[in-house]
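Please load the model in your viewer with the backbone drawn as a cartoon, and keep a selection prompt at hand. The stops below go from a sheet to a charged pair and then to the pockets.

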Amino acid sequence: MHDETATLVTRLLAQRWLPRDDIQARKALLDEAFREELDRRLESVGLELREHPYAAYIGLAVARKSERAVFGGSDSWISNTLQLDRDGVALLVVIWALIVLPKRQRQVERQDVEAAASQSQMFAEQKPIPRDPTMSPVIAERTLLADFGEKLGGKTRVGFNLGTLNRLGFIIRRKGEVAEGPLLDLAFDYERTARRILDGALGDLLAEAAARPPSAPMDDLDDDEEPMDEIEENADV
């Protein structure tokens, strides 16, 4: 007998993400009985479905109750399971703040506008949450380097970490620009992380970068560029 729940879990483990419009993904999001069984099976192995109404993809994450066993199992608490160094995690947080936070604001604003417009229609249908790629801003790598390069290890380290985040599916690099990848909107819990960023030190840095006049042009990083001083040992894993 075909076990559709097991098939979905296997696909998520193997592919790491699935679009929301995938047949099985839609079933997990819309079929209450199927979702309950999926959550039960994932919970039994310390995992949970990672999804957000505004995200275009779904994935898997370590369940909250298993975080200590996974991230605190060594001599020190690790920050991730992907072998990202501290500067790689910091770069991921910065990119998440620069892309996901403005995207979410645009999504909410468009949803509010569409809701207001539909109120004048007697039989208006509820509009789906906007998730098209045009909602996500794109960052020029030269701007990222000018604003945060010194704090993130310099051009070589930033270039190396951008390549790593690209391979992991968090971003998409093309022609000197950084765009949202399938996993970026799922990288952090938005409700927990957004306010911490906006109210914390990174919020101040983002405000400073936004107020700073445009920087002088810098040489674009090549997508395939490999750093000469790659660190062999990771600090956090």
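**The sheet**

Select Leu18 first, and opposite Leu18 you will find Ile58 of strand E3. Before going further, note that this is a predicted model, in which local features need pLDDT of at least 70 and side-chain atom pairs count only at pLDDT 80 or more, whereas totals for chains, interfaces and linings use all residues. Residues are numbered from 1 along each chain as its sequence is written, and side-chain values use heavy atoms, with hydrogens and water left out.

Now display E1 with E3, which run antiparallel and are joined by two bridges (strands, E, of at least two residues, and helices, H or I, of at least four, are DSSP runs numbered from the N terminus; two strands pair if DSSP finds at least two bridges between them). Adding E2 completes an open sheet of three strands in the order E1-E3-E2, with antiparallel pairing. Strand E1 (18-19) and E2 are at the edges with a single partner strand each, so one side of each has no neighbour in the sheet. Next select H1, which packs on the sheet and touches E1, E2 and E3 (contact means heavy atoms within 4.5 Å); the direction of H1 makes about 85° with that of E3, where axes are lines fitted to C-alpha atoms, for helices over the stretch in contact, and angles run from 0 to 180 degrees between N-to-C directions.

**A charged pair**

Select Arg41 and Asp3, which form a salt bridge with the closest N and O atoms 2.7 Å apart (a side-chain nitrogen of Lys or Arg within 4 Å of a carboxyl oxygen of Asp or Glu). Because Arg41 lies in helix H3 (residues 32-43) and Asp3 in the segment before H1, the pair ties together parts that are 38 residues apart in sequence.

**The pockets**

A pocket here is an open set of points, on a 1 Å grid over the protein atoms alone, where a 1.4 Å probe fits, with protein on both sides within 12 Å along at least five of seven lines; lining residues have an atom within 4 Å of a point. The volume is the space filled by probe spheres set on the points, which are joined across faces, edges and corners.

The largest pocket holds about 1400 Å³ of space. Its lining has 37 residues, and Arg50, Phe71, Leu186, Ala187 and Phe188 are the closest to its centre. Select H8 as well, since five residues of this helix make H8 the element that gives the most to the lining of the largest pocket.Finish at the second largest pocket, with a volume of about 290 Å³, where the 16 lining residues include Tyr57, Pro133, Ser136, Glu180 and Gly181 nearest the centre.
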